[in-house]
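I opened this notebook to record what I looked up in one structure. The entries follow the order in which I worked.

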Amino acid sequence: MGHVAEEQLLGPLLLARSAIDRSALQRDDAEWLDRAWGDTATRVLIIEGGRTLVRRTGDDTEIVYFSPHESPPGARYLLGVDSRQIAYFAVAAPLPGVASRGVDHADARQIRTLPPLGAGDLEDGLAVPAGLRQVGMLLGDRDAGLMVYAVALEAWHATHEFCPRCGGRTEVRAGGHVRVCPADGSQHFPRVDPAVIMLVHDEDDRCLLARGPQWPEGRFSVLAGFVEPGESLEHAVIREVAEEVGVPVSGPRYLGSQPWPFPRSLMLGFFARAVATEITLDPQEIAEARWYSRAQLAAALRTGEVRLPPEVSIARRLIETWYGERLTGDW
C-alpha cells in the first residue's frame, strides 16, 4: 500500500508536452498577426479532420510544416511562438498532396481510433497523413504540443459555427480563439470538458481494470467519466467508480492531467483506494471488470488476455505507475 501512496506518475504524459509560448497577448493584435503571416520564417501546420502530414527522417518523426504562401486557403489559428520568435499557425484545409473527399464526423471518429504507429511503419522521407493517436508518441515536444492544440481548435470550430443564442453564423476572431456573433455580439470560447480518470487499488494493492461494452475482448483500461456541473473532481472520482462498478472508494489523489482532444476532453488522473472489493457492474457502461495483482497482470499481458491503452493515454501512465515499470501489450 505504501508503494502506491508515495508514487508519482511514471514517465511523461505524451500529449501534455509543449515547447512554445501560446502568445495570448498577440491574438487581438491584427497588425502583429498580419506581420507574422507575411513572415517567410512562419511555419504552418495543415489540419484536416484531426490529421496532419508527418515525415520520418532517420530516427526523428516530425510534422511537415509549410510557409504561409504555400498554405491552402482555410480557417487560420495562431498556435504561438517558439524561443527563436518563429510563429506557428494552423490552417484547417485539405492536406496538400492527399486526395480528400472532406472529413465528416464518422471519418473523424475513425481517425481517432486508429492504432498507434511505430517509427518502422513510416517510410523514411515520405510525408503521410496521420492522426494524433497514431503519431503522438513519435513526435517531439514541440510538434506533439502543436498537434494537440491544432486538433482541439479544429474540432471546436467544426461544431461551433453558429450562435447558440440566435442561430446566426459566427465569425472567427482572436487568432482562432474566439467566435463572435455579429447579430447579438455574444462571444464564444473553445470548450474543454473535464473528465476524471482513476486507477482504483485495494488493500492488497491490486488494481481494478475494466472493459467497455463497445470494446473487443481483452481491451482493458482504468475507469473514467465526465465531471458533472457543480461537482468537485474528488466527488466525481467517488461517484463514477460507484456508478460504473459499485465499488466505494476513498482518498482520491491527483497525479496529473493531459488534454485528450477527441473531441475536447481534459483528462485529470487520480489514484483512489477501494473501501470494499465486490463488483456490481453498470452494463450500460462496463462489460466486465477484474482485480489484478502485478503478477496476474504481467501474466495476462504475456498471453494476450489483456491489452492496455496506448502510450499516448494517461490511462497507460496510471497503470504503469501502479505497476512500477513500463509495460507492453497495447490495444
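The entries below cover the domains, two buried strand residues and the salt bridges.

**Entry 1: domains**

I noted first that the model is predicted. I then looked up how the protein chain is divided, and found domain 1 (24–159), domain 2 (160–191) and domain 3 (193–323). For domain 1 and domain 3 I recorded a distance of 31 Å between the C-alpha centres. Their contact draws on 11 residues from domain 1 and 9 residues from domain 3.

**Entry 2: the interface of domain 1 and domain 3**

I turned next to the area of this interface. The size of an interface is often given as the accessible area lost when the parts come together. Between domain 1 and domain 3 I read a buried area of about 880 Å², with carbon and sulfur atoms giving 78% of that area.

How many salt bridges cross the interface of domain 1 and domain 3? I found 0 by the rule. I also looked for residue pairs in polar contact between domain 1 and domain 3, both residues at pLDDT 80 or more, and the count was again 0.

I then asked which helices supply the side of domain 1 that touches domain 3. Helix H4 (132–135) and helix H5 (141–158) each contribute at least two residues there, and H5 gives the most, with 4 residues. By residue class, I listed this side of domain 1 as 7 nonpolar, 2 polar and 2 charged.

**Entry 3: Ser-265 and Ala-87**

I looked up Ser-265 in strand S14 (residues 265–274). Is Ser-265 buried or exposed? I entered Ser-265 as buried, because its relative accessible area of 10% is under the 20% limit. Apart from neighbours within four places in sequence, its contacts are Asp-193, Phe-226, Pro-259 and Trp-260.

I placed Ala-87 in strand S5 (residues 87–92). Ala-87 has a relative accessibility of 6%, so I counted this residue as buried. Leaving out residues up to four places away in sequence, I found Ala-87 touching Trp-32, Ala-36, Thr-42, Arg-43, Gly-80 and Val-81. I also noted that Ala-87 and Ser-23 are 64 residues apart in sequence, with their C-alpha atoms 9.2 Å apart in space.

**Entry 4: salt bridges**

Side chains of opposite charge can pair when their charged atoms come close. My search of the whole structure returned 24 salt bridges, and I examined several of them.

Arg-17 and Asp-141 meet through their side chains at 3.1 Å, N to O. This pair links distant parts of the chain, 124 residues apart: Arg-17 is in the loop between helix H1 (2–6) and helix H2 (30–38), and Asp-141 is in helix H5. I recorded Arg-17 as buried at 15% relative accessibility, whereas Asp-141 is partly exposed at 42%.

Arg-35 and Glu-31 form a salt bridge at 3.8 Å, N to O. Why are Arg-35 and Glu-31 separated by about one helical turn? I attributed this to their spacing, because they are 4 residues apart in helix H2. Glu-31 counts as exposed, at 60% relative accessibility.

For Arg-173 and Glu-171 I read 2.7 Å between the closest N and O atoms of their salt bridge. Both residues are partly exposed: Arg-173 has a relative accessibility of 39%, and Glu-171 has 35%.

Finally, I traced one network in which salt bridges with shared partners join Arg-211, Glu-217, Glu-288, Arg-290 and Glu-305.

Notes: Residues are numbered from 1 along each chain as its sequence is written. This is a predicted model: local features need pLDDT of at least 70, side-chain atom pairs count only at pLDDT 80 or more; totals for chains, interfaces and linings use all residues. Side-chain values use heavy atoms; hydrogens and water are left out. Domain bounds come from an automatic or database domain assignment. Contact means heavy atoms within 4.5 Å. Buried area is the accessible area (1.4 Å probe) that two parts lose on being put together, summed over both. A salt bridge is a side-chain nitrogen of Lys or Arg within 4 Å of a carboxyl oxygen of Asp or Glu. A polar contact is a pair of N or O atoms within 3.5 Å; within protein, one must be able to donate a hydrogen and the other to accept it, and residues adjacent in sequence count only if both atoms are side-chain atoms. Ala, Val, Leu, Ile, Met, Phe, Trp, Tyr, Cys and Pro count as nonpolar, Asp, Glu, Lys and Arg as charged, and the others, Gly among them, as polar. Buried means under 20% relative accessible area, exposed over 50%, partly exposed in between (1.4 Å probe, protein chains only).
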